[in-house]
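The following exercises are to be worked with the sequence and the structure at hand. Each task is followed by a solution in steps.

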Amino acid sequence: MATRDEPLGVVFPEVDGRRSTSATGRAVVAEALRRVDPVGAAAAKRETNWRSGYLTHFRRLVEAGLARPEDAVAIADAGLAAVHARMRWRDPDGAECGLDAALGGVVGSPADSLATESLGGAGEPDTALTVPYRGSRLAGDDLRRRLDAWVADGVVEPSLRDAVGAVIDNPDWLRLEGRTVVVLGAAAEMGPLRSLLRWGATVAAVDLPRPELWTRLLDDTAGFAGRLLVPASPGSSPLAERAGVDLVHDLPTATGWVCGLPGSLVVGNYVYADGAMNVRVSTAVDAMTRIVRLARPDSALSFLATPTDVFAVPGEAVDASTRSYAERRTSKMLRGPLRTLSGGRLLRRNYRPGEDPGINDSVVLQQGPNYLLAKRIQRWRATSARAQGATVSFKIAPPTRTRSVVKNRALAAAYAGAHRFGVEVFEPGTANTLMAALLVHDLVAGSPAHEHPWQDEAYAAAHGGLWRAAYDPRSALGLAALLGAASARP
C-alpha cells in the first residue's frame, strides 16, 4: 500500500531514486529533437541547469521543425512518444505501469462508478454572436468594427477577423448540432463552456470533484439553452456533492466515461494546474485523447495555446514590428541609454528585419519549464493529430487577466503596463467568448489547410500584439512591470 506522501495516478518516473521533473523534461526534449536535430538533442541532454537553461532548447524545438513540414511532425510525434514512454501510472497499492497498460481495458467497458447527469436545454439560445468588451456587449457591425480595430492595432492576425466574421454571418453554426463538446477543465476561465451553453450546444463538463466548484458552475449555467452532461457518482445527494472526476488520479474511469458519451465528440483541453501537476494533468489528457481517438476516430480536438511561448510568425508580422520599431518616437530617445545601461537586455527589437517566418519568443521565465512542457504536449498532439487527418482547432489565446496570472504580482504588474508597448491584455469574458467563436468556426467551416504546421498554429492567432510589437517581449517586460505596478489590480 502506498504511503500518504507518495504521488498516485499519473506520475513522473523515478530517475536515480527520485521523481525528477527536470530530468524528465530534459529527456523528453532531447528525444523530440534527436531525429531532426541531433546536435540540439545532445545540447538538451547535456543541459546541467534545466530550470534556468530550458528556454534555448524549447526554442530549438520550433526552429528545428521549420525547414520541412515533415520535420515539425516528426518532432511532435517523437516528443509525444517520449512523454508516454516515461510518464507512469501508479495505483493505490503502489504498483506502477505504463499509461497504455493502465488504459488498456477502458474501451468498450462502461464507467460503472460514474453516472451521467443531464441538465438544461430548456432556455432560449442566443441567436447571434455577441462578445463582451469593456462594459458593452458587441454584436453585428459593432463587433466587426472592433475586429477591424484589433487587426489595425496588431492585436490579432487578420485571419481571426475573417473566421469570426464567418460566425457572425452564420449564427446557426453556434448550436453545433450533433456534436458533444467535452470541456476538460470545465471551470477554467478561458474555457468555452458558458458560451457554448448559451448558444444551445451539448457540453460534457469534466472537472475535479469539488462541491464548491460544481455549486458555482451549476448555478452559473442554470437556465441556459444548451444541454450539460455531468459525470457524477450514483446517489441521491445534491449533484454538486457527487459531480466531477479527477483526471490525474481517476484517468481510466474518466476516459471510459468520455468514450461512452453520445454524439460526435470534440475533446477540448482547457486544463491547468501549477508546477509539476500541470505536466501530470496534460499527460493525463493526452493519454485520454489517444484512447478516445482509437475508440471514436471521428472525434475532433480543441486546444488553447498560451501566447507566452515560442512561435514562428508570418513575415507580415515581422514587417509590422519592424515599422513599429522605426516609428516609436517616444522610446527612441530612451532605448539607446537603456540598452547601454542594461548591457543590451532592454528594448531589443523583436526580429531581424526581413525574417520570414520570424521567431517570436514571448516566454515568461517565471512560468518555468513544467508550464512550457505541459503546453508543448498539447501543441505536439495538435500537430500530430492534424497530420493524421483529424479535425483540430488549435488557437493562440490572447494575454488575459485570469486568476492564475494576476495572482503573480510580477505578471499582474507587467500586464497592467503592457499597453505602453503595444500589447492589449484581455478580460476573461472577452477572451473566452472570442475563442469559443473560433472553435465553432473550425468545427463547422473547418480550419484552412496550410503547407506547414507553424502556419496552422499562426492561423487566427490572438496574440494580443506580442507578435507585432516593436520590442522583444522579455526585453520590455521589466519596464512594463515598473510602469504598471501602481495600477495593477490585486
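**Exercise 1.** Leaving aside its neighbours within four places in sequence, with which residues is Leu247 in contact?

*Solution.* The model is predicted: local features need pLDDT of at least 70, side-chain atom pairs count only at pLDDT 80 or more, and totals for chains, interfaces and linings use all residues. Residues are numbered from 1 along each chain as its sequence is written, and side-chain values use heavy atoms, with hydrogens and water left out.

Step 1. Contact means heavy atoms within 4.5 Å. On that basis, and without the neighbours within four places, Leu247 touches Leu184, Val206, Ala254, Val271, Ala284, Val285 and Met288.

Step 2. Leu247 belongs to the largest nonpolar core, which has 89 residues; Leu184, Trp380 and Trp467 are listed with Leu247 as having the most contacts inside this core. A nonpolar core is a set of buried Ala, Val, Leu, Ile, Met, Phe, Trp, Tyr and Cys residues joined through side-chain atoms within 4.5 Å. Buried means under 20% relative accessible area, exposed over 50%, and partly exposed in between (1.4 Å probe, protein chains only).

Step 3. Helix H12 (residues 276-295) supplies the largest share of this core, eight residues. Helices (H or I, at least four residues) and strands (E, at least two) are DSSP runs, numbered from the N terminus.

**Exercise 2.** At roughly what angle do the axes of helix H4 and helix H15 cross?

*Solution.* Step 1. The axes of H4 (residues 69-86) and H15 (residues 368-387) come within 8 Å and cross at roughly 120°. Axes are lines fitted to C-alpha atoms, for helices over the stretch in contact, and angles run from 0 to 180 degrees between N-to-C directions.

Step 2. The angle therefore makes H4 oblique to H15. Angles under 35 degrees count as roughly parallel, over 145 as roughly antiparallel, 65 to 115 as roughly perpendicular and the rest as oblique.

Step 3. Residues making the contact include Ala72 and Leu80 of H4, and Trp380 and Arg381 of H15.

**Exercise 3.** Is Arg134 buried or exposed, and is Leu176 buried or exposed?

*Solution.* Step 1. Arg134 lies in the loop between strand S7 (130-133) and strand S8 (136-139), and has a positive phi of about 50° although it is not a glycine. Arg134 counts as exposed because its relative accessibility is 68%.

Step 2. Leu176 sits in the loop between helix H7 (158-169) and strand S9 (179-184). Leu176, not a glycine, has a positive phi of about 50°. With a relative accessible area of 4%, Leu176 is buried.
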